[in-house]
Amino acid sequence: MWKRGLSIYAAYYLASARSNTEGAFGVPASGTPATEWGPADSDIRHRVAMSLYSSAIKNLAASISILTSTGAPYTMRLSNDANADGLFNDRLAGVGRNTLRSPSQWNINGSFTYSVGLSRPTAPSLPGITISSSGPGGVGAGSAEGAQAPRHRLMINVTVNNLTNRANYKGYSGIIGGPFFMKPTAVDGVRRVELSVGFVF
């Protein structure tokens with residue numbers, strides 16, 4: 001954290017998840033769970049989260065968050081029932097579960113809140129404390145003069161999910177010979193803007 005209300009948060013996550021099944025009703029393609037061990041569907045190895053918050057501009061609180069992660073695993077399969085068992089879950093010889101990986105993903109979100117005073121201050125500030133509508137919770141370190149926040153305030157907030165409108169693709173198909181082999185079948189998190197207004201009294 002620095003002066004002028006600027007703070008930065010960053011985190012890195014390293015994880016590993018393995019399993020031998022695709023769910024309660026999943027049938028092993030090899031006929032036995034013992035040979036099905038591999039990355040779980042939730043095995044996303046690396047994640048990074050970063051957020052920046054600033055209240056440097058009077059009455060305005062702004063935050064930007066950046067989220068990124070490596071790809072999720074999926075399985076390469078044959079398009080036909082090679083062993084004639086009535087299940088289309090066969091794989092090439094020597095190919096295990098979830099050996100393919102989708103591309104990495106990242107997203108940027110933003111939140112901006114502007115506070116408008118609608119009345120005069122009604123409570124004196126405490127020594128060494130400044131009441132400010134621009135910081136988290138409305139309280140921050142300041143001078144003994146004690147600039148005071150109005151009791152009645154109008155809060156205008158704009159939240160933007162996926163600020164850059166990046167297409168994060170998902171639903172990758174591992175069916176060999178299929179029209180979508182190693183291609184996505186869906187997209188996640190298109191840009192969404194939400195506007196809200198609140199009254200503090």
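The legends below describe close-up views of a predicted model of one protein chain.

**View 1. The whole chain is made of strands without helices.**
The protein chain has zero helices and 14 strands. Read along the sequence, the pattern is therefore β-β-β-β-β-β-β-β-β-β-β-β-β-β, where a strand is a DSSP run of at least two residues. The chain holds 201 residues, and buried residues make up 26% of them. Among contacts between residues at least 6 apart in sequence, 68% join residues at least 24 apart.

**View 2. Strands β1, β4 and β5 are joined by antiparallel pairing.**
Strand β1 covers residues 7-14 and pairs with β4 over eight bridges in the antiparallel sense. Within this pair, Ala10 has Met50 of β4 as its bridge partner. On to the next pair: β4 is also joined to β5 by eight bridges, and these two strands run antiparallel. Here Leu52 stands opposite Ile64 in β5. In a regular strand, side chains alternate between the two faces of the sheet.

**View 3. Asn59 sits in the hairpin of β4 and β5.**
Five residues lie between the two strands of this hairpin, and Asn59 takes a positive phi near 70°. Most residues other than glycine have a negative phi. The loop that holds Asn59 runs between β4 (46-54) and β5 (60-69). Asn59 has a relative accessible area of 22%, so Asn59 is partly exposed, given that buried means under 20%. In sequence Asn59 and Ser115 are 56 residues apart, yet their C-alpha atoms are 5.1 Å apart in space.

**View 4. Strand β11 pairs with β8 and with β14.**
Strand β8 (residues 105-117) and strand β11 (residues 153-161) run antiparallel and are joined by eight bridges. Val116 stands opposite Leu154 of β11 in this pair. Strand β11 is also joined to strand β14 (residues 192-200), by nine bridges, and these two run antiparallel as well. In that second pair, Val158 stands opposite Leu195 of β14.

**View 5. Asn109 of strand β8 makes a side-chain contact with the backbone of Asn162.**
Asn109 is found in β8. Its relative accessibility is 16%, so Asn109 counts as buried. The side chain of Asn109 reaches the backbone nitrogen of Asn162 at 2.9 Å. Leaving aside neighbours within four places in sequence, Asn109 is in contact with Ser63, Ile64, Ser65 and Leu67, and also with Val160, Asn161 and Asn162. One of these contacts, Ile64, is the residue of β5 that stands opposite Leu52.

**View 6. Pro150 lies in the loop leading from β10 to β11.**
The loop that holds Pro150 is between β10 (139-141) and β11. Pro150 is buried because its relative accessible area is 19%, and buried means under 20%. Between Pro150 and Val116 there are 8.8 Å in space, C-alpha to C-alpha, and the two are 34 residues apart in sequence. Val116 is the residue that stands opposite Leu154 in β11.

**View 7. Asn98 and Asn165 are two loop residues with positive phi.**
Asn98 has a phi near 50°, a positive value in a residue other than glycine. Asn98 lies in the loop between β6 (73-74) and β7 (100-101). With a relative accessibility of 4%, Asn98 counts as buried. Asn165 is not a glycine either, and its phi is positive at about 55°. The loop of Asn165 is between β11 and β12 (168-170). At 39% relative accessibility, Asn165 counts as partly exposed.

**View 8. The second largest pocket is lined by residues of β4, β5 and β8, among others.**
About 240 Å³ of space lies in this pocket. Its lining has 13 residues, and the closest to the pocket centre are Leu67, Thr68, Ser69, Gln105 and Asn107. Strands β4, β5 and β8 each supply at least two residues of the lining. By class, the lining has five nonpolar, six polar and two charged residues. Leu67 is also one of the residues in contact with Asn109.

Note on methods
Residues are numbered from 1 along each chain as its sequence is written. This is a predicted model: local features need pLDDT of at least 70, side-chain atom pairs count only at pLDDT 80 or more; totals for chains, interfaces and linings use all residues. Side-chain values use heavy atoms; hydrogens and water are left out. Two strands pair if DSSP finds at least two bridges between them. Helices (H or I, at least four residues) and strands (E, at least two) are DSSP runs, numbered from the N terminus. Buried means under 20% relative accessible area, exposed over 50%, partly exposed in between (1.4 Å probe, protein chains only). A polar contact is a pair of N or O atoms within 3.5 Å; within protein, one must be able to donate a hydrogen and the other to accept it, and residues adjacent in sequence count only if both atoms are side-chain atoms. Contact means heavy atoms within 4.5 Å. On a 1 Å grid over the protein atoms alone, a cavity is a set of points where a 1.4 Å probe fits but cannot get out, and a pocket is an open set with protein on both sides within 12 Å along at least five of seven lines; lining residues have an atom within 4 Å of a point. Grid points are joined across faces, edges and corners, and a volume is the space filled by probe spheres set on the points. Ala, Val, Leu, Ile, Met, Phe, Trp, Tyr, Cys and Pro count as nonpolar, Asp, Glu, Lys and Arg as charged, and the others, Gly among them, as polar.
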